[in-house]
Amino acid sequence: MDASETIFSIHALRRAWQWVRRGGVMPGTDGVTLERFNTALDSELNRLRHHVLTGVYQPYPVRRFFLKKSNGKQRPISVWTVRDRVAQRVVHDYLTVPFEAIFLACSYGFRPGRSTEDAVQAVIRARDSGQLWVLDADIADCFGSIPLQPLQGQVARVIDQPLVNHLLDVWLHTPIAGRRGEIAGVSQGGIISPPLANLYLHRFDEMITAALPRSTLVRFADDFVLLSFTEEDSVWSLDVARRSLENLHLRLNLRKTRLVTFDEGFTFLGATFKGRWHRLATEKGEDSP
């Protein structure tokens, strides 16, 4: 059994199916529901495996809908078919080991064994060390703005597996149903999008930690804060973050990016920080000391 057959083994496909099934999803453009897919599970998984390994696999066009955000703007969400989600989850699982081998400790989002609570605790540790100046930052349309050619170059430097690289290329360029000329890219809703976004922003992590050794970066996917000991360092961190993102063809949303102190307070990943106390989004009662 060669590497491709191992990656897309029936065991891997069944594990991926269980993940997709637990997550729930509306039907994609083929109209196949989770229930319908499950009624012919063995034949569906074997057919998918055969199509992938023989090179005839093609994803269905992606359904897109829009969620209204708190600021009134809309966030595009992509809905893939069940079979395409299963195939993406297999590749997602394969990518985990090589990606985890290079990711830095400052990255917390969508990584095994890491959570928003871990990121919040990292902020608390920085605060308790005396880093009381905070760059509370927002990346403008991060997922939708990631350029595909540089991203795929980063993937190729980490992943030397032709089938996986081919599938990622196909998924990134899958057309959006009913929207001529639009492709999926690193769209929210795709199973492969979070690890690919993390890989692309890994260069940001490297640039920030190299340029700002006295500051602490805490990043959860496209949300991040930079904590510093002095106002001067904090002002410098804003300039470094802006230039680092520009190097990646991304930009800060300056209307939602600000320099604050813990005394002034801020919110990160749903946790509210004010002075020496904080409150998690899940907490209903007393503030945490």
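Trainee: Which residues does Gln154 touch, if residues up to four places away in sequence are not counted?

Mentor: The model is a predicted one, and in it Gln154 touches Leu199, Tyr200, Arg203 and Leu248 once those sequence neighbours are set aside. Gln154 itself lies in helix 8, which covers residues 148-158.

Trainee: Why is Gln154 called buried?

Mentor: The relative accessible area of Gln154 is 8%, and the word buried is used for values under 20%, so Gln154 qualifies.

Trainee: How do you know that the sulfur atoms of Cys106 and Cys142 are too far apart for a bond?

Mentor: The closest cysteine sulfur to that of Cys106 is the one in Cys142, at 14 Å, and Cys142 likewise has Cys106 as the closest, at 14 Å. Since a disulfide requires the two sulfur atoms to be within 2.5 Å, this pair does not qualify. The search of the whole structure accordingly finds zero disulfides. Both residues count as buried, with Cys106 at 9% relative accessibility and Cys142 at 2%.

Trainee: What makes the contact between Asp233 and Arg214 a salt bridge?

Mentor: The N to O distance between their side chains is 3.2 Å, and a salt bridge needs such atoms to lie within 4 Å, so the pair meets the criterion. Asp233 lies in helix 11, whereas Arg214 belongs to the loop between helix 10 (193-211) and strand 4, so the pair ties together parts that are 19 residues apart in sequence.

Trainee: Which of the words buried, partly exposed and exposed applies to Arg214?

Mentor: Arg214 is partly exposed, at 47% relative accessibility, because the word exposed is kept for values over 50%. Its partner Asp233, at 18%, counts as buried.

Trainee: What joins Asp239 and Arg243, and where do they lie?

Mentor: Asp239 forms a salt bridge with Arg243, with the closest N and O atoms 3.0 Å apart, and both residues lie in helix 11, four residues apart, which is about one turn of the helix. Asp239 is partly exposed at 23% relative accessibility, and Arg243 is partly exposed as well, at 35%. Salt bridges with shared partners join Asp239, Arg242, Arg243 and Glu246 into one network. Among the 17 salt bridges of the structure there is also one between Arg83 and Asp84, at 3.0 Å from N to O, and both of these residues are buried.

Trainee: Why are strand 4 and strand 6 said to stand at the edges of their sheet?

Mentor: The sheet is open and has four strands in the order 4-5-3-6, paired in the antiparallel sense. Strand 4 (216-220) and strand 6 (258-261) each have a single partner strand, so one side of each is left without a neighbour in the sheet. Neighbouring strands are turned by 20° against each other on average, direction ignored.

Trainee: How do you know that strand 3 and strand 5 pair?

Mentor: Six bridges join strand 3 (residues 133-138) to strand 5 (residues 223-228), and pairing calls for at least two, so the criterion is satisfied. One of the partnerships sets Leu135 against Leu226 in strand 5. Helix 11 (residues 231-247) packs on this sheet, touching strand 3, strand 5 and strand 6, and its direction makes about 20° with that of strand 3.

Trainee: What makes strand 4 largely enclosed by the rest of the structure?

Mentor: Four of the five residues of strand 4 are buried, so the strand is largely enclosed by the rest of the structure. Strand 4 also pairs with strand 5 over five antiparallel bridges, with Arg219 opposite Phe224 in strand 5. The two strands form a hairpin with two residues between them, and Ala221 in the turn has a positive phi of about 55°. Helix 6 (residues 116-128) lies across strand 4 and strand 5, running at about 165° to strand 4.

Trainee: Which residues of the largest nonpolar core touch the most other members?

Mentor: They are Phe8, Val86, Leu168, Trp171, Phe204, Phe224 and Leu250, in a core of 65 residues. Helix 10 gives the most to this core, with eight residues. Apart from this core lies another, of 20 residues, among them Tyr108, Phe266, Phe268 and Phe273.

Notes: Residues numbered from 1 in each chain as written. Predicted model: local features only at pLDDT ≥ 70, side-chain atom pairs only at ≥ 80, totals over all residues. Heavy atoms only, no water. Axes fitted to C-alpha atoms, helices over the stretch in contact; angles between N-to-C directions. Contact = heavy atoms within 4.5 Å. Buried < 20%, exposed > 50% of the residue type's maximum accessible area, 1.4 Å probe, protein only. Core = buried A, V, L, I, M, F, W, Y, C linked by side-chain atoms within 4.5 Å.
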